[in-house]
Structure formats: structure tokens, C-alpha cells
Amino acid sequence: MKKMSVLLFACAFASGVFAAERIITVDAGSTTMVRALGLGEQIIAIDVTSQQAQANKLPVIGYHRQLAAENLLALKPSVLIGTEHMGPEPTLTALKQAGVTIVSMPAPTEGAQLLGMIEQLASALPEADTSLLTAQVREQLASIAEQKLPPATRAVFLFDGGNRGLRIGGTGTGGDALIRLLGASNIATTAAYQATSLEAILALDADLILISTEADESLADVLKKHPLLAESRAAKQQKLLPVNGEALVAGLSVTTLPEAQRLLQQLNQQDNTAP
Amino acid sequence: MSSRLPAGIVGAIFSAMLLAIALLALTQGPMSIDSRACLAGLWQAASGQDITALQAHEQTIVLQLRLPRLVLAILVGALLALAGAAMQGLFRNALADPGITGVATGAALGAICCLALAPIAIAKWLTPIAAFWGGLLSTLLVYRLARSQQGTAIAVLLLAGIAISAFGGAVIGFLSYMADDRVLRDISLWQMGSLAGGNLYLIACCVGALLLTAYVLQRKASCLNALALGEAQARHLGLDVERDKLLLIIVAATAVGVSVAAAGIIGFVGLVVPHLVRMLTGPNHHSLLPLSALLGALLLTCADFLARYLASPAELPVGLVTALVGGPFFFMLLLRQRRHLGAIA
């Protein structure tokens, strides 16, 4: 009998004594970070900009600046994670009064800010183990810093909007954050993504062109879609690089770092083998 | 012709239905809160007596989310329906929409300039003001264009409204193109209409506008009746047609301007509601105006109720629901009215 109760007790521990949180993430960056912490299963709803889960489809709660309090509370969340732009005010008040922890994290523009975000999440989700992720992010940032490009490298980030054409990533965008993470400088000085023409892109004469693609697209696919890009100086010097769009969908996030590492490795390999 | 119902009975029915849907909107929602507790919560807030077992967040939901939404739906529905009835009387055309004088586009232009060009913190409170003034100024511009020594030709008024709408649409398109993703989102959502932004200030403005509009239009009900005979006839009956036209346009523009400022663009209410009332009780403006206000409030409250449930857990903008229901209805009306639609004169 005693053995039985010890066994049962051990089973209880093994299955996880920690109560599962019910997390609603209201912006793509928060969703990727919570998933990176291994808490993806505790997410009960996402917003319209986040990527859907692979297995069961999660309910979508709409746009983060027009949240509906009643609908959110009906899902019985324990934590709401988003940016400082969440709203409207009465919704957040109602959620706070219902005992929902609201975590608002400003969108990161530098790699180091990701560490601050992980700390913020750690205090809101006390049962989450953030040490692994923190160590991983630190390691990735260190390796990126070692292999950084010279700041004189003039780079440009192109967002492929399908039918709507190419858009250039200006200041404040995920593309801009990626360029600065790599150590280069962004040629575009206007804010946000601006529509542009291929002629304008060629005229910029960038040293490095990064272009967002779907997960399984290669450089050949990109050049098939936009053949004129092959005329750019960057393309001729093998400095036209596709970037996995999913890594940047939330702006700068934990999924951007491995992508940045891959790009730097590729560029450094080319420099080493260049004549 | 003789299938008209007496106005009093219809009024009583509409009022009862409005009360019922109001109670429904207050007590039902995605969060299940006990109905009696909701109503007790309202009484508690009004009288200060602590009689309910509502938790703090449920109290917030009822008082700060459901109640302002309901009040705003009633006010905006009534305002849009009254403005629609006035415009239909003025243009002598049952298919006239309150935005026909360019007020809706002007208001949209004001609001969108504000959303696109002002920083977030300022845009929050500046947008309704910009929307109202945009609507009023564009209406005055249309009126000025249409006015000539011979008076204000209705046909020219209509065409000037279309021209202003076209120009406004072009500017809005330009601003949308230059906007970044966040601003573009805000612009789209604003244009779809939403009753969720009801704060005390906006509700007070709507109450003031409704009282003013209802009072002025009811006093001008005889004038609207006379205008239905044609402007020449109305003038022979002793009305100062030019002055009355200007007054009606300004009042309707104010009503629509305030509605758009509070709730964005909500279409079809001003178009369909007076028409429904006319089918039920006839075109006499003495009864048409108050009944339109009641039915407008009722329909918009129903539409908002639907908007809360259809796309759960997100919320549909209420303008989409009114367009989805009102659009086909408008087509039906148009088909039925085809033989009655002659020249717009």
C-alpha cells in the first residue's frame, strides 16, 4: 500500500505539478517568444498577425488595438501578452480586474532587447524555465557580434509583397532591424515599408540585398520572379540573399537570430573563397 | 395604400422592441453574467446602493463596455435615420442616403487625415473632431457650389456631392497608399464603423446632436411635407424654400457628422429605415421622423448585437453587418421602385 502511494505521488510529479497557464498572445513577437520558451501548448488564442499553430487551429481574437474584453474573458485566460499598443483601455481595465496578468513588451529594435523581453516574461510566468532560452539567445548574439559585417556595407531589405510588388524596409521595420543586427547600414532612410520599383532598387546600388521569401524558396526562385534583380551589382557579387520571411514576420524576434547567423556564415564563406 | 398602420401603434411596437433588444444587449454577451445581476449592477451604479454580487470585472463589463455600446447604438441609429429621412424629403427621392451631400466622405477625409498624419496619442481624441468638421465643411462646400442666383438646384447639389466624394476618395486613396501598416489598419477599421469607442464625451455630443436634430426636424415636418409637392408648389404655399433647404442640409450634416465622428462610417441605416417606415405608416413627416428615429435605433442595436457574435472571439465592425443586410435590401427596393423613379427634380 505504501509503495502504491509513493508510486502515485511520483506519477503526479512526473506529469507536471505546475498548473498550466492559459496564455493569449496578442502580437506575433509575443507568440514566437512564448513558443520558443516551449510554452506553445499553453497558448489558447492568438491575434490576427501571429502564425497559426501546426496542430489544432487556435481561435483568433482580432486586431490587438481593438480587443473585445468579453470575448477574451469568455476564454478564461490567465495571462495576456502583447505590445504597448494594446487597446482599448476599458478592455485592459476589465481584464486586469478579472485577475488576468497583462504583460506589455515594447517591440525590440536591438538584439539585446530580446534578453530583456525574456526576463519580463519570466516574471509574469514564474513557472516557465527561461534559462535555456536566455543562454541560447546570448550565445547567438555573441556569435553574430563576432561575425558582423563592416558598418560601411550599404544594405537594403526587400519585402516581396506578391502582386503588390516589392517594398523597401525603412527605419522601424523588421528588415531594418535585421540589417543592423548584421552590422551593416540600411540605405533606406524613410520609415516603414515603402513601395518601390525595380528601377529605384537598381539605382540604389546596394552592396547587399536581402529579400524575404517563403520557407522553401531558393535564390533561383527569387530570380525567376524578379529577373531584373540579377542585373544589380549585389546579385553579380553573390550578395543577393534570400531571407526566410517567417523569421521576420514579428519584426525582430528569437526566430530572427538563427537566420542572421546563417546569413553571416554565408557571407563570410563567400569572402573567404573570393579571389 | 390602405395597408398603412396607425402611427401610434407602430410607435408603441417599435418602443417595446427597442426596450427588449436593449435589455438583451445588456444582459447577453460572450461572458455569461446573470441577467438580474446585470440590471442590478446598473441600478447600483445609478443609485449608489450596493445590492449585487457582481464581481468588479463583471461590473466593468456591464457599465463600461455593454452600456456605452448600447447607448451609442441607439443614438447613432436614431441620428442616421433622422438624417436619412430629412435627405429623402429634401431630394424628393426615396433612395437618397444621408451621405449624399458629401458629408460622409468629408467626415472620412477629416478622420483619415488625422489618423494618417497625427501621432497616435493625439489622433485618439482628435479624430472625432476632425471627422465632424470635415463633414460639415464638405457639406457647406457642396451647398456653396450648388447655390446660384436662381436658388439651389437639387440636381446640382447631388452632382456636387458626387464630385466632392470623388475628390475625397482620391485623397483617402493617396493617404492609404503612403501609410504604413499600422496606419493602414487603423484607416480600414475606422472606415468599417465600430460602436466600441463610446466614451462619455462622444455620447454627450451625440445626445446633444440628437436633441437638436429631432427638435428642428420635427418643427420642419410640415415644410418637408410641402417640399414633396415640388419646390414651386412649396414656395406658393408660403415657405421660404431656400432658407429651409439650407437648414435641413446643415441639420442633416450635423447629425451625420456627429455619428461618423462617434462611430465611423455606418451605411444603409439612413437609407433603409425611412423607407421601411414609409411602407408601414405613410410619408407624412410628422410621424415619419420620430418613427424613423425609433426604428433606426432598433436596427442598429440589433446589428451591433449580431456583430458581437458572428466572428467570435473577434468582433465584426458594425458597418459590415449593416452593409451585408442593407445592401441586398437596397437592391430589392431599387427593383421595386424602378417605375417610380423619374427625373430627380
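This is a short tour of chain B, its contact with chain A, and a few loop residues in chain A. Keep in mind that the model is predicted.

**Chain B as a whole**

Let's start with the fold. Chain B is built from 14 helices and two strands. Its radius of gyration is 21 Å, close to the 20 Å that the globule rule gives for 345 residues, so chain B is as compact as a globular protein of that length. If you want a feel for its dimensions, the C-alpha trace spans about 65 × 55 × 35 Å along the principal axes.

Inside, 52% of the 345 residues in chain B are buried. Looking at contacts with a separation of 6 or more, 75% of those in chain B come from residues 24 or more positions apart.

On the outside, chain B exposes about 15,600 Å², and carbon and sulfur atoms supply 69% of that area. As for charge, chain B carries 20 positive and 13 negative charges, and the mean positions of the two sets sit 11 Å apart.

**Where the two chains meet**

How many residues of chain A are in contact with chain B? The count is 25 residues of chain A, touching 23 residues of chain B. The size of an interface is often given as the accessible area lost when the parts come together. Here chain A and chain B bury about 2,100 Å² between them, with 60% of it on carbon and sulfur atoms. On the chain A side, Tyr63(A), Glu70(A) and Asn71(A) lose the most area to chain B, together 30% of what that side buries.

**Three loop residues in chain A**

Here is how accessible they are.

| Residue | Relative accessibility | Class |
|---|---|---|
| Lys76(A) | 61% | exposed |
| Asp205(A) | 35% | partly exposed |
| Pro88(A) | 28% | partly exposed |

Lys76(A) belongs to the loop between α3 (69–74) and β3. Its phi is near 55°, a positive value in a residue other than glycine. Asp205(A) has a positive phi too, about 55°, and is not a glycine either. You'll find Asp205(A) in the loop between α8 (198–204) and β9 (208–213).

Pro88(A) is in the loop that runs between β3 (79–82) and α4 (89–97). Which residues does Pro88(A) touch, leaving aside those up to four places away in sequence? They are Arg65(A), Gln66(A) and Leu67(A). Take Arg65(A): although 23 residues separate it from Pro88(A) along the chain, their C-alpha atoms are 6.1 Å apart.

Key: Residues are numbered from 1 along each chain as its sequence is written. Chains are lettered from A and ligands numbered from 1 in the order in which they are written. This is a predicted model: local features need pLDDT of at least 70, side-chain atom pairs count only at pLDDT 80 or more; totals for chains, interfaces and linings use all residues. Side-chain values use heavy atoms; hydrogens and water are left out. Helices (H or I, at least four residues) and strands (E, at least two) are DSSP runs, numbered from the N terminus. The radius of gyration is taken over C-alpha atoms; the globule rule is 2.2 Å times the number of residues to the power 0.38. Buried means under 20% relative accessible area, exposed over 50%, partly exposed in between (1.4 Å probe, protein chains only). Contact means heavy atoms within 4.5 Å. Accessible areas come from the Shrake-Rupley method with a 1.4 Å probe; for residues, only the protein chains shown count as cover. Lys and Arg count as positive and Asp and Glu as negative; His and the chain ends are not counted. The place of a charge is taken as NZ of Lys, CZ of Arg, CG of Asp or CD of Glu. Buried area is the accessible area (1.4 Å probe) that two parts lose on being put together, summed over both.
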